[in-house]
Amino acid sequence: SCVASDPLTGYVLSSTPANGTTGVSLGTTTLQVTFNQPMSTIGGGSVLDMGNFDNQIVNVSLGGNVPITNVSYNPNTKTATLTINTADVDWKAGSQYRLRVKNGIKSACDVGQTINVDHLFYTDTQISGQVRHDINANGSLVEADPGIAGVPVELYNGVCTLGVNCPTTNTNAGG
C-alpha cells in the first residue's frame with residue numbers, strides 16, 4: 001500500500017550516513033537511502049535513475065560535487081545504494097556534503113515525491129605532516145630523516161582546554 005509524500009521527509013525514511021552525521025570516513029564508497037514504501041524502478045521517476053539524486057552529492061563547504069556512479073535498489077528493504085566516486089577531487093576531509101532525493105522520484109504507486117529531501121553529513125577531518133629531526137648543526141636539512149615515531153601530538157581547536165580533553169594521537173612509524 002502506498003503512503004502520500006510527507007511534507008517534510010517525502011518518501012525518505014532514513015539515510016546512511018544519517019542526516020547530520022559527522023566523522024564519515026573518506027573510505028566510504030556507498031551511501032544508502034531507505035524509503036518508507038516500495039519505490040518505482042521504471043521510467044523517469046525511477047529510484048534507479050541517478051538524476052533523482054542530482055547525479056551527485058554536493059560539497060557544501062568548499063563547492064564542487066562528487067559524482068554518483070551507480071544506483072542499485074533492494075525492494076525487500078526499500079533501500080537504494082548509491083556508489084560515489086571517492087577518487088574525485090571534491091571528496092575531501094572535513095567537508096559537509098548534501099545528498100538530495102529530488103522531488104518527482106516515484107513510489108511504486110507511480111506518485112511523485114513533492115519536495116526535495118536533503119540529508120547532510122560531514123567527512124572525517126584529517127591533518128597531515130611529519131615530526132622530523134631534519135636540521136643538522138650547520139642548519140642544512142637531513143634529507144634521509146624518516147620521521148620520529150611515537151611522538152604525542154595534541155590538536156588544540158579552541159573548544160578544548162589545551163592539555164585537557166583535546167584530541168591526541170601518536171605519530172606512526174614514518175613520523
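1. A residue is called buried when its relative accessible area is under 20%, and in this predicted model Tyr97 meets that definition, because its relative accessible area is 0%. The ring of Tyr97 pairs with that of Phe121, the two centres lying 5.9 Å apart and the planes standing at 25°, so this pair is classed as stacked. Since Tyr97 belongs to strand 7 and Phe121 to strand 8 (residues 117-123), the pair ties together parts that are 24 residues apart in sequence.

2. Phe121 is likewise a buried residue, because its relative accessible area comes to 2%.

3. Trp91 sits in the loop that runs between strand 6 (79-84) and strand 7 (96-101), and with a relative accessibility of 7% this loop residue also counts as buried. Once neighbours within four places in sequence are set aside, the residues in contact with Trp91 include Ser25, Thr28, Ile57, Ile84, Thr86 and Thr123. Val66 is also among the contacts of Trp91, and although these two residues are 25 apart in sequence, their C-alpha atoms are 6.2 Å apart in space.

4. The side chain of Trp91 also has a polar partner to check in the model, for one of its polar atoms lies 2.9 Å from the backbone oxygen of Leu26.

5. How many aromatic pairs does a search of the whole structure find? The search returns 2. Besides the stacked pair of Tyr97 and Phe121, there is the pair of Trp91 and Tyr97, whose ring centres are 4.9 Å apart and whose planes meet at 45°, so that this pair is tilted. Taken together, Trp91, Tyr97 and Phe121 make up one aromatic cluster.

Note on methods
Residues are numbered from 1 along each chain as its sequence is written. This is a predicted model: local features need pLDDT of at least 70, side-chain atom pairs count only at pLDDT 80 or more; totals for chains, interfaces and linings use all residues. Side-chain values use heavy atoms; hydrogens and water are left out. Helices (H or I, at least four residues) and strands (E, at least two) are DSSP runs, numbered from the N terminus. Buried means under 20% relative accessible area, exposed over 50%, partly exposed in between (1.4 Å probe, protein chains only). Contact means heavy atoms within 4.5 Å. A polar contact is a pair of N or O atoms within 3.5 Å; within protein, one must be able to donate a hydrogen and the other to accept it, and residues adjacent in sequence count only if both atoms are side-chain atoms. Rings of Phe, Tyr and Trp (its six-membered ring) pair if their centres lie within 6.5 Å; planes under 30 degrees apart count as stacked, over 60 as edge-to-face and the rest as tilted.
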